[in-house]
Structure formats: structure tokens, C-alpha cells
Amino acid sequence: MKVAFASTDKVHIDEHFGQAERFYLWDVGPEAAAFSGVIQVMAESEAGHSDDKIEARAAALAECALVYVAEIGGPAAARLVAKKIHPLKSRDREPISDVVEKLQEVLKNNPPPWLKKAMLKGERICRS
């Protein structure tokens with residue numbers, strides 16, 4: 001499954017969803033994980049109205065099942081969830097690599113139902 005991380009340094013989850021200019025993408029599965037690219041979005045000052053900014057970011061992240069952020073507002077989180085993208089907060093500037101490893105452990109064992117659904121997101125896109 002494709003997972004996005006809001007980061008200012010490509011190493012830590014340390015950026016607010018609405019202020020992030022880059023999201024670092026990883027393909028994560030129970031047995032393997034790999035960095036797969038960067039999504040560049042407009043800076044907050046260039047993005048215009050808040051609703052437009054949220055929509056543009058959600059559209060850019062459409063292939064992702066999860067997005068890890070330092071912070072996210074309620075309206076933005078609700079819009080992502082409506083698009084089947086699950087936002088997750090990481091308040092402690094966790095290293096992306098640590099989160100990827102933890103996520104792989106959960107996937108190997110018994111992922112919760114919401115995560116099982118998220119894992120299937122990419123399969124549904126590919127079949128359509």
C-alpha cells in the first residue's frame with residue numbers, strides 16, 4: 001500500500017498537513033517497504049482558499065491509503081477520510097523509517113479492520 005509522510009527533512013514526520021510542501025511516499029507491505037517518490041504541493045501562500053488547498057492536497061494523495069502528519073485540522077482530516085485516505089498524527093517527530101517498520105509489524109500480525117481496508121485500496125484502483 002502507498003503511504004505518505006509530511007516532512008521537512010525527508011527523515012522525520014514533522015509537518016502540518018496544511019503547511020507541508022512535500023509528502024514523501026513509501027510502498028509498504030508486510031514483507032518489504034521502499035521509498036517510492038515525492039509529491040510536491042503548492043506552498044500555503046500560493047494555494048489560495050483553504051478549501052481549495054485541502055482539495056488539491058487530497059487529490060495529489062489520492063493513491064495513498066495512509067498519510068502521516070505532525071498535525072491536521074478536523075475539516076482536512078474529514079475530507080481525507082471521505083476519500084478513503086486515513087490521516088495519522090505523529091506528534092513526536094518520529095523517524096519515517098521507524099514508523100514504516102512498526103507499520104510492517106502490524107501488517108504481518110493482525111491489522112485492525114480499518115487498516116485491512118486501507119491495504120485493499122491500491123488493489124481496487126488497479127482493477128478499475
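**Close-up views of a predicted model**

**View 1. A salt-bridge network takes in D9, D14 and R93.** The model shown here and in the other views is predicted. Within the network, D9 and R93 form a salt bridge whose closest N and O atoms lie 3.4 Å apart. This pair links distant parts of the chain, with the two positions 84 residues apart in the numbering. D9 sits in the loop between β1 (2-6) and β2 (22-28), whereas R93 sits in the loop between β5 (86-89) and α3. D9 is partly exposed, because its relative accessible area is 32% and partly exposed covers the range between under 20% (buried) and over 50% (exposed). R93 falls in that class too, at 42% relative accessibility. Over the whole structure, eight salt bridges are found.

**View 2. A salt bridge between R79 and E55 connects two helices.** The side chains of R79 and E55 meet at 3.4 Å, N to O. R79 belongs to helix α2 (residues 74-82) and E55 to helix α1 (residues 50-60). The two residues are 24 apart in the chain, and the pair is one that links distant parts of it. With a relative accessible area of 26%, R79 is partly exposed. E55 is partly exposed as well, its relative accessible area being 31%.

**View 3. E94 takes part in a salt bridge with K102 and a polar contact with S90.** In the salt bridge, the closest N and O atoms of K102 and E94 are 2.9 Å apart. The polar contact joins the side chains of S90 and E94 at 2.7 Å. E94 has a relative accessible area of 21%, so it counts as partly exposed; the limit for buried is under 20%. S90, by contrast, is buried, with a relative accessible area of 1%.

**View 4. S90 is located in the loop between β5 and α3.** When neighbours within four places in sequence are set aside, the contacts of S90 are with I13, V69 and A70. One of these partners, V69, is itself buried, with a relative accessible area of 0%. The side chain of S90 also makes the 2.7 Å polar contact with that of E94.

**View 5. V69 lies in strand β4.** Neighbours within four places in sequence aside, V69 is in contact with A6, I13, E15, F17, L88, K89 and S90. V69 and A4 are separated by 65 residues in sequence, while their C-alpha atoms are 8.7 Å apart in space. The relative accessible area of V69 is 0%, so this residue counts as buried.

**View 6. Strand β4 (residues 66-69) has buried residues pointing both ways.** L66 and Y68 point one way from the strand, and V67 and V69 point the other way; all are buried. β4 pairs with β1 in the parallel sense over three bridges. In that pairing, V3 stands opposite L66. β4 also runs parallel to β5, and four bridges join these two strands. The bridge partner of L66 in β5 is H86.

**View 7. Helix α3 covers residues 96-108.** At 1.5 Å a residue, the 13 residues of the helix should span 18 Å. The expected span is 1.5 Å times one less than the number of residues. The C-alpha atoms at the two ends are 18 Å apart, which agrees with that expectation. The buried residues in α3 are I96, V99, V100, L103, Q104 and L107. These residues cover an arc of only 140° around the axis, so they lie on the same side of α3.

**View 8. The protein chain is built from four helices and five strands.** From the N terminus on, its elements follow the order β-β-β-α-β-α-β-α-α. The chain has 128 residues, of which 41% count as buried. Among contacts between residues at least 6 apart in sequence, 53% join residues at least 24 apart.

Key: Residues are numbered from 1 along each chain as its sequence is written. This is a predicted model: local features need pLDDT of at least 70, side-chain atom pairs count only at pLDDT 80 or more; totals for chains, interfaces and linings use all residues. Side-chain values use heavy atoms; hydrogens and water are left out. Buried means under 20% relative accessible area, exposed over 50%, partly exposed in between (1.4 Å probe, protein chains only). The arc is that of the directions from the helix axis to the C-beta atoms. A salt bridge is a side-chain nitrogen of Lys or Arg within 4 Å of a carboxyl oxygen of Asp or Glu. A polar contact is a pair of N or O atoms within 3.5 Å; within protein, one must be able to donate a hydrogen and the other to accept it, and residues adjacent in sequence count only if both atoms are side-chain atoms. Contact means heavy atoms within 4.5 Å. Two strands pair if DSSP finds at least two bridges between them.
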